[in-house]
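Reader: I would like a close look at one part of this model, followed outward into the packing around it. Please take your time and keep the account connected.

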Amino acid sequence: MSKGTLKQILLLTDGHSNQGEDPIAIAALAREQGITVNVIGVVDGDHLNEQGIEEVEAIAMAGGGVSQVVYAKQLAQTVQMVTRKAMTQTIHGVVNRELSQILGQDQEMENLSPAKRGQVMEVVDELGETMNLDVLILVDTSASMRNKLPMVQEALTDLSISLTSRMGANRFALYSFPGKKKDIDKLLDWSPQLNSLSGIFQKLSSGGITPTGPAMQVALQKFSKSGSRRSLMAGDEEQLFEESGM
């Protein structure tokens, strides 16, 4: 039986949303559907304003994911770190829920003996390398992001390369917002690699608005329409310990 799939939305933005639905509410909806929302706030010469930082953190918290504010030049290593940290965090959560069912309501990994905790951590590490991973990347292409897009492209290519060593199957989809005529534009449909990005961002026209909420809402629909694999958080967690020999 399948161990399920880790599903993530990775949002790259440099400002707070200013049009449409509340992205924090959409992130909470994503979490209910078994999709983790991670957010990277990208800054360049100037700083992300306080409202933008608060929204970055609030969206990730509502989506059960990881948030990070970073300078554009550090983007490549940050994208990799956030993606992997979110994978581990999701598996931790599922394992803790399973432990509570087995050992009692208040039991979590931290309550185990060192030897048993080490054994569980081996399971978490193994699952991080063997589970399937679906990442839908949502890139803010509003006017202020224009000069950061080459570094976004480099970071996403590096992410694809860094995850190729995993035994589990990776799939990526890439969308930008605001779209030319819609809330988001598809740049790359579900694919095992992000190696076809060369020059893709140079063709984009930048907009002045940041419809983060509507873009995330459409992104959720892309998961359901993609023939996407069963989410880890959608009920497969009871199999984890059996399949890992625990």
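Author: Ser 176 has its place in strand S5, which covers residues 170-177, and the description given here rests on a predicted model. The relative accessibility of Ser 176 is 2%, and because buried means under 20%, Ser 176 counts as buried. If neighbours within four places in sequence are left aside, the contacts of Ser 176 are with Val 139, Thr 141, Asp 183, Ile 184, Asp 185, Leu 187 and Leu 204.

One of these partners, Val 139, leads on to Leu 156, since Val 139 is also among the residues that Leu 156 touches. Not counting residues up to four places away in sequence, Leu 156 touches Leu 12, Val 79, Ile 137, Leu 174, Leu 194, Leu 197 and Phe 201 as well as Val 139. The largest nonpolar core has 44 residues, and within it Leu 156, together with Ile 137 and Phe 201, touches the most other members. Helix H3, residues 75-103, supplies the largest share of this core, with nine residues. A second core, separate from that one, has 27 residues and includes Val 37, Val 43, Ile 59 and Trp 190. In soluble globular proteins, nonpolar side chains tend to be buried together.

Ile 59 also appears in the packing of two helices, where Pro 23, Ile 24, Ala 27, Ala 28 and Arg 31 of H1 meet Glu 55, Ala 58, Ile 59, Met 61 and Ala 62 of H2. By class, the residues of this contact of H1 with H2 are eight nonpolar, two charged and no polar. The axes of H1 and helix H2 (residues 50-62) lie 7 Å apart, and the two helices pack at an angle of about 25 degrees, which makes H1 roughly parallel to H2. The crossing in which H1 passes H2 is right-handed.

H1, which spans residues 23-32, also packs with helix H6, residues 212-225, at an angle of about 20 degrees and with the axes 8 Å apart. H1 and H6 are therefore roughly parallel to each other as well, but here H1 passes H6 in a left-handed crossing. On the H1 side the contact is made by Pro 23, Ile 26, Ala 27, Leu 29 and Ala 30, and on the H6 side by Thr 212, Gly 213, Met 216, Gln 217 and Leu 220. This contact of H1 with H6 has seven nonpolar and three polar residues, with no charged residues.

Technical notes. Residues are numbered from 1 along each chain as its sequence is written. This is a predicted model: local features need pLDDT of at least 70, side-chain atom pairs count only at pLDDT 80 or more; totals for chains, interfaces and linings use all residues. Side-chain values use heavy atoms; hydrogens and water are left out. A nonpolar core is a set of buried Ala, Val, Leu, Ile, Met, Phe, Trp, Tyr and Cys residues joined through side-chain atoms within 4.5 Å. Buried means under 20% relative accessible area, exposed over 50%, partly exposed in between (1.4 Å probe, protein chains only). Helices (H or I, at least four residues) and strands (E, at least two) are DSSP runs, numbered from the N terminus. Contact means heavy atoms within 4.5 Å. Axes are lines fitted to C-alpha atoms, for helices over the stretch in contact, and angles run from 0 to 180 degrees between N-to-C directions. Angles under 35 degrees count as roughly parallel, over 145 as roughly antiparallel, 65 to 115 as roughly perpendicular and the rest as oblique. A crossing is left-handed if the near helix is turned anticlockwise from the far one by less than a right angle, and right-handed if clockwise. Ala, Val, Leu, Ile, Met, Phe, Trp, Tyr, Cys and Pro count as nonpolar, Asp, Glu, Lys and Arg as charged, and the others, Gly among them, as polar.
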